[in-house]
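Work through the following exercises with the structure open. Each task is followed by a solution in steps.

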Amino acid sequence: MAYGGWELEGEPYTQNKNTEFAWFRSRMLSGRTKHWGRISLRFGPLDFKRKDFDGKGDNWSIGYEDVKPYYDKVDKLIGVFGSKENLPNEPDGFFLPPPKPRLHELYIQKGPQGCVPMIPSRLSILTKPINKKRGACFFCNQCSRSCMAYADFSSSSVLVKPAMESGNVDLYVNAMVREVLTNGEGEATGVYYIDKEDLNDYEIKAKVVILAASACSSAMITT
């Protein structure tokens with residue numbers, strides 16, 4: 001599924017002086033969505049307007065209500081379990097049923113009531129199927145390695161695979177983008193990328209360019 005580690009040939013790894021921090025780098029289709037904690041929380045109203053609340057930082061130019069419709073769409077697309085709690089800065093979403101609490105969680109829940117709210121995690125893991133191609137989690141505890149039942153959210157299985165099945169997508173692997181092309185108005189028009197197999201530089205034009213947060217993806221999709 002993945003090849004990589006602390007050192008990749010041809011990609012030097014540097015650290016600040018007197019530090020030992022190392023970040024695992026993995027080259028695979030869909031990048032870090034293959035191995036992450038699946039924690040899927042929304043930014044709340046205060047996260048967008050923090051300066052109004054405590055005077056620190058700067059407010060975003062948009063607020064929670066501006067992005068809420070997109071949060072809703074994402075919840076339905078990827079499948080997030082959780083419970084509606086009506087917490088002020090932890091907005092509820094469209095949740096699948098959460099797993100039943102384990103014994104130690106029940107003990108904690110019965111502890112200092114009202115002091116620290118204890119609620120189910122909000123994770124992008126299916127507790128029941130949401131379509132014919134993704135099964136429900138059966139608790140094999142292999143989430144960090146991606147899921148053969150597609151019960152977790154990984155962009156390769158939830159986004160890339162359906163896109164490829166449409167027949168309207170070209171997939172480029174071992175392709176490392178080095179520059180986003182722009183026009184005179186600063187609008188993105190495509191990318192330059194380096195083919196890691198022949199080390200040649202290529203150009204692709206595009207109507208839309210999406211920059212993903214993952215730093216370890218090694219593929220592109222164009223339409």
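**Exercise 1. Nonpolar cores.** Identify the residues that make up the largest nonpolar core of this predicted model.

*Solution.*
Step 1. The largest nonpolar core has 7 residues: F81, L96, L123, I125, L126, C147 and A151.
Step 2. Take L96 and list its contacts, leaving aside neighbours within four places in sequence. The list is G79, V80, F81, G82, I125, L126, T127, K128 and I130.
Step 3. Apart from this core lies another, of 5 residues, including I78, V80, F153 and V158.
Step 4. As background, nonpolar side chains tend to be buried together in soluble globular proteins.

**Exercise 2. A loop residue.** Decide whether E85 is buried, partly exposed or exposed, and find what E85 touches.

*Solution.*
Step 1. E85 belongs to the loop between β3 (80–81) and β4 (95–96).
Step 2. The relative accessible area of E85 is 30%. Buried requires under 20% and exposed over 50%, so E85 is partly exposed.
Step 3. Not counting residues up to four places away in sequence, E85 touches D92, I119, P120 and R122.
Step 4. For P120, 35 residues apart from E85 along the chain, the separation of the C-alpha atoms is 9.8 Å.

**Exercise 3. Salt bridges.** Which residues form salt bridges with R42, and which parts of the chain do these pairs link?

*Solution.*
Step 1. The structure holds 12 salt bridges.
Step 2. One of them joins R42 to D72, with the closest N and O atoms 2.8 Å apart. R42 is in the loop between β2 (25–27) and α1 (45–48), while D72 is in helix α3 (residues 64–78), 30 residues apart. Both residues, R42 and D72, are buried.
Step 3. R42 also meets D75 in a salt bridge, at 2.8 Å from N to O. Because D75 lies in helix α3 and R42 in the loop between β2 and α1, this pair ties together parts 33 residues apart in sequence. D75 is buried, as is R42.
Step 4. For another pair, E203 and K205, the closest N and O atoms are 3.3 Å apart. E203 is partly exposed at 43% relative accessibility, and K205 is exposed at 56%.
Step 5. Salt bridges with shared partners join R42, K68, D72 and D75 into one network.

**Exercise 4. A sheet.** Explain why β6 and β8 each have one side without a neighbour in the sheet.

*Solution.*
Step 1. The strand order of this open, antiparallel sheet of 3 strands is β6-β7-β8.
Step 2. β6 (175–182) and β8 (201–205) stand at the edges with a single partner strand each, so one side of each is left without a neighbour in the sheet.
Step 3. On average, neighbouring strands of this sheet are turned by 25° against each other, direction ignored.
Step 4. β7 (residues 188–195) pairs with β8 over 5 bridges, in the antiparallel sense. V191 has I204 in β8 as its bridge partner.

Definitions and conventions. Residues numbered from 1 in each chain as written. Predicted model: local features only at pLDDT ≥ 70, side-chain atom pairs only at ≥ 80, totals over all residues. Heavy atoms only, no water. Pairing = 2+ DSSP bridges. Helix = DSSP H or I, 4+ residues; strand = E, 2+ residues; numbered from the N terminus. Axes fitted to C-alpha atoms, helices over the stretch in contact; angles between N-to-C directions. Core = buried A, V, L, I, M, F, W, Y, C linked by side-chain atoms within 4.5 Å. Buried < 20%, exposed > 50% of the residue type's maximum accessible area, 1.4 Å probe, protein only. Contact = heavy atoms within 4.5 Å. Salt bridge = Lys/Arg side-chain N within 4 Å of Asp/Glu carboxyl O.
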